[in-house]
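Please read the following account alongside the sequence and the model, moving from the chain as a whole to a few of its parts.

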Amino acid sequence: MPSVKSQHAGDMLFETYAGDYKIMNDVPPTPEWGGKGRHPTPPDYFVASLSSCIAAFVQQYCDQHDIDASGMYVEIHYEKATDPAHLKELMVDVHLPNADVGKRAEAIKRVSGHCTVHETICKMEGLPVNIHDSTGQVASA
């Protein structure tokens, strides 16, 4: 099973390993969190993964249907909420500035909803968390 590993790199920086790639994460630059704005935050990466996933699906669709996707970009607008901290009111805008999509607009909208990240968000029913301690066993709560 594929996995992604994140570890503390000091000074509230985190290194995340996804396959052969290392991604640096910072925490929000607030007194509470102590980030310094050196790298995107985990929520930034969350939204970026959704945006790039949708862009890939739209690009593939456009390529298959001879739609000019040059200059295409996906922009996601969102609000940050508290108690508990979460993102809300995510809104996706797909920009195809050199295409006349006409009747294919609904199909492009449907395709964007089929990206793996979007499907995962929609289908999640929880997130199991296991704590592994110094004994090598899963600690019970």
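A contact here means that heavy atoms lie within 4.5 Å of each other. By that criterion, residues 24 or more positions apart account for 35% of the contacts in the protein chain with a separation of 6 or more. The model is a predicted one, and what follows should be read with that in mind.

The protein chain has three helices and seven strands, and from the N terminus on these elements run in the order β-β-β-α-β-β-α-α-β-β. As for overall dimensions, the C-alpha trace spans about 60 × 35 × 35 Å along its principal axes. The radius of gyration of the protein chain is 19 Å, whereas a compact globule of 141 residues would have one near 14 Å. Of these 141 residues, 22% count as buried, and the accessible surface of the chain comes to about 10,300 Å², with 56% of it belonging to carbon and sulfur atoms. The chain carries 11 positive and 19 negative charges, and the mean positions of the two sets are 2 Å apart.

Turning to the strands, E2 (residues 13-18) and E3 (residues 21-26) run antiparallel and are joined by six bridges. One pair can be followed by name, since the bridge partner of threonine 16 in E3 is isoleucine 23. The two strands form a hairpin with two residues between them, and glycine 19, which sits in the turn, has a positive phi of about 60°.

After E3 comes a loop that leads to helix H1 (42-64), and threonine 41 is found in this loop. Is threonine 41 buried or exposed? Its relative accessibility is 8%, and because buried means under 20% relative accessible area, threonine 41 counts as buried. Leaving aside residues up to four places away in sequence, threonine 41 touches Asp26, Val27 and Pro28.

A second loop, between strand E5 (86-95) and helix H2 (105-113), holds valine 101. With a relative accessible area of 23%, valine 101 is partly exposed, because that class lies between the limit for buried, under 20%, and the limit for exposed, over 50%. Which residues does valine 101 touch, once those up to four places away in sequence are not counted? They are Ile67, Leu96 and Ile108. For isoleucine 67 the separation can also be given: valine 101 and isoleucine 67 are 34 residues apart in sequence and 7.2 Å apart in space, C-alpha to C-alpha.

Methods:
Residues are numbered from 1 along each chain as its sequence is written. This is a predicted model: local features need pLDDT of at least 70, side-chain atom pairs count only at pLDDT 80 or more; totals for chains, interfaces and linings use all residues. Side-chain values use heavy atoms; hydrogens and water are left out. Two strands pair if DSSP finds at least two bridges between them. Helices (H or I, at least four residues) and strands (E, at least two) are DSSP runs, numbered from the N terminus. The radius of gyration is taken over C-alpha atoms; the globule rule is 2.2 Å times the number of residues to the power 0.38. Buried means under 20% relative accessible area, exposed over 50%, partly exposed in between (1.4 Å probe, protein chains only). Accessible areas come from the Shrake-Rupley method with a 1.4 Å probe; for residues, only the protein chains shown count as cover. Lys and Arg count as positive and Asp and Glu as negative; His and the chain ends are not counted. The place of a charge is taken as NZ of Lys, CZ of Arg, CG of Asp or CD of Glu.
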